[in-house]
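The exercises that follow ask for a careful reading of helix packing and of enclosed space in one protein model. Each task is followed by a worked solution that goes step by step.

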Amino acid sequence: MKRNEYELLLNLLLIFAVFLSITGFFTDISNTAKFGGVDLRNRVVGARLLTRDLDPYHYKWQKGESQLLLDPRDNPNWNVNRVTVPPTVLILHSALSWLDYKTQRYLWLFIQWILFLGSLFLFSLSSSSKVNSKLIWICGLFFVGTSFYWRLHVERGQIYILYTFLIALSYWVYHQRKWGNLILSGFIIGITSLLRPPVILINLPFLIKKRWKFVLGNIMGVIVSFLSTLLILPFNTWLNYFSAMKVHGLIHTTELESAIGQYPFENIEGITNLWIVPNIPITDTSIQGLMLNLFGVVIPAEILWIILLLIICFCIYLLHLIRSKSFTILFLVGSILIFISEIFIPAARYTYNNVLILIPLCLLIIDSKKFLVVSDD
């Protein structure tokens, strides 16, 4: 294929991808107006509880209390509520806790899109090839921006795109080639690990290949982030978080039986659609969820952790065989480990989690030599 023909093809594909993504954006606005953003609601309520010095993980709403603290899809029969994010995430949301839920709903819609486009922008800047930079935009918009799982992510008000953006930021920081860039890159991953613990696995390839500055930066990021939370909230909040996650693990495997129930309210904060969700495909794609739904088999959490550990050991063995210490290769292997761990951890993993695929997708494009044979004739 001639170079000018190749560039024309890329430009046409990019225009088409942008058009489809814009259409998807307006669909997201429509979904935000029609549906309740049920996953955003529990984080908003959790942040409000945090600012009121209440336990954001075990609080159960009682009649007569403020509707600001009511998550209508919570099960009143459980001794935990639906908040499953670490205290660090709730601290971020607490900055918006003074806003009404409807405002936060639309604001979070725009934040998700900014983080998505920002991730593509950072990855494209990190590529030394203009062709690959354009391919990052094309593939990112096609395979994520127009996907049903991105529609689901935005409608539910999910937060995985924030982790994606921070990982992209870490990768971009390394490519600035300035003093301390490797430490700062690791530091950002450390912060991200306190928001989403499985992200810590991205360190493993760097540890095996003795990229100590990146690992040191990560440790610093974890420590600084954790100590910073203690300036805002008591250490007991972290204990409550881990305690609640154990209960959620039992609920996920049906080891803890509880009658299904929800709070019977139709109008909350002047909104009548907090119950409603769109007909978008959503499946629990965790190993536990798949085995339970397909075969009715409950896999204990201990077995999953053992299998995950064996997979990690196998990856360590493969890393020893790889001579390359390329930052991109190590980052790619680390991102794949994150993706694998998300499947094996004993918790629900729904399809909106697939936005994390943006990371290895962009890294593969960056590290590729050629996608098409282009001639000047």
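The model used throughout is a predicted one.

**Exercise 1.** Determine how helices α4 and α5 are oriented to each other, and which residues make their contact.

*Solution.* Two packed helices are described by the angle between their axes and by the distance between those axes. Helix α4 covers residues 101–125 and helix α5 covers residues 130–145, and their axes come within 8 Å and cross at roughly 150 degrees. Because angles over 145 degrees count as roughly antiparallel, α4 and α5 are roughly antiparallel to each other. The hand of the crossing between α4 and α5 is right-handed. On the α4 side the contact is made by Trp113, Phe116, Leu117, Leu120, Phe121, Phe123 and Ser124, while α5 contributes Ser133, Ile136, Trp137, Gly140, Leu141, Val144 and Gly145. Sorted by class, the residues of this contact are 10 nonpolar and four polar, with no charged residue.

**Exercise 2.** Work out whether α4 and α15 are parallel or antiparallel, and describe the contact between them.

*Solution.* The axes of α4 and α15 come within 10 Å and cross at roughly 20 degrees. Since angles under 35 degrees count as roughly parallel, α4 is roughly parallel to α15. The crossing of α4 and α15 is right-handed. Phe116, Ser119, Leu120 and Phe123 of α4 make the contact with Leu358, Ile359, Cys362, Leu363 and Ile366 of α15. By class, the contact of α4 with α15 has eight nonpolar residues, one polar residue and no charged residue.

**Exercise 3.** Carry out the analysis for α14 and α15, and give the classes of the residues in their contact.

*Solution.* Helix α14 (residues 327–344) and helix α15 (residues 358–367) have axes that come within 9 Å and cross at roughly 155 degrees. This angle makes α14 roughly antiparallel to α15, and the crossing of the pair is left-handed. Thr328, Ile329, Phe331, Leu332 and Ser335 in α14 meet Ile359, Pro360, Leu363, Leu364 and Asp367 in α15. The contact of α14 with α15 divides into seven nonpolar, two polar and one charged residue.

**Exercise 4.** State how many cavities of 30 Å³ or more the structure holds, and characterise the lining of the largest and of the second largest.

*Solution.* The structure holds two cavities of 30 Å³ or more. In the largest cavity lies about 70 Å³ of space, and its lining consists of Asn42, Val45, Leu49, Tyr59, Trp61, Leu69, Asp71, Asp74, Asn81, Arg82 and Val83. These lining residues divide into six nonpolar, two polar and three charged. The second largest cavity has about 30 Å³ of space and is lined by His252, Thr253, Gln288, Leu292, Val297, Val298 and Ile299. Its lining has four nonpolar and three polar residues, and no charged residues.

Note on methods. Residues are numbered from 1 along each chain as its sequence is written. This is a predicted model: local features need pLDDT of at least 70, side-chain atom pairs count only at pLDDT 80 or more; totals for chains, interfaces and linings use all residues. Side-chain values use heavy atoms; hydrogens and water are left out. On a 1 Å grid over the protein atoms alone, a cavity is a set of points where a 1.4 Å probe fits but cannot get out, and a pocket is an open set with protein on both sides within 12 Å along at least five of seven lines; lining residues have an atom within 4 Å of a point. Grid points are joined across faces, edges and corners, and a volume is the space filled by probe spheres set on the points. Ala, Val, Leu, Ile, Met, Phe, Trp, Tyr, Cys and Pro count as nonpolar, Asp, Glu, Lys and Arg as charged, and the others, Gly among them, as polar. Axes are lines fitted to C-alpha atoms, for helices over the stretch in contact, and angles run from 0 to 180 degrees between N-to-C directions. Helices (H or I, at least four residues) and strands (E, at least two) are DSSP runs, numbered from the N terminus. Angles under 35 degrees count as roughly parallel, over 145 as roughly antiparallel, 65 to 115 as roughly perpendicular and the rest as oblique. A crossing is left-handed if the near helix is turned anticlockwise from the far one by less than a right angle, and right-handed if clockwise. Contact means heavy atoms within 4.5 Å.
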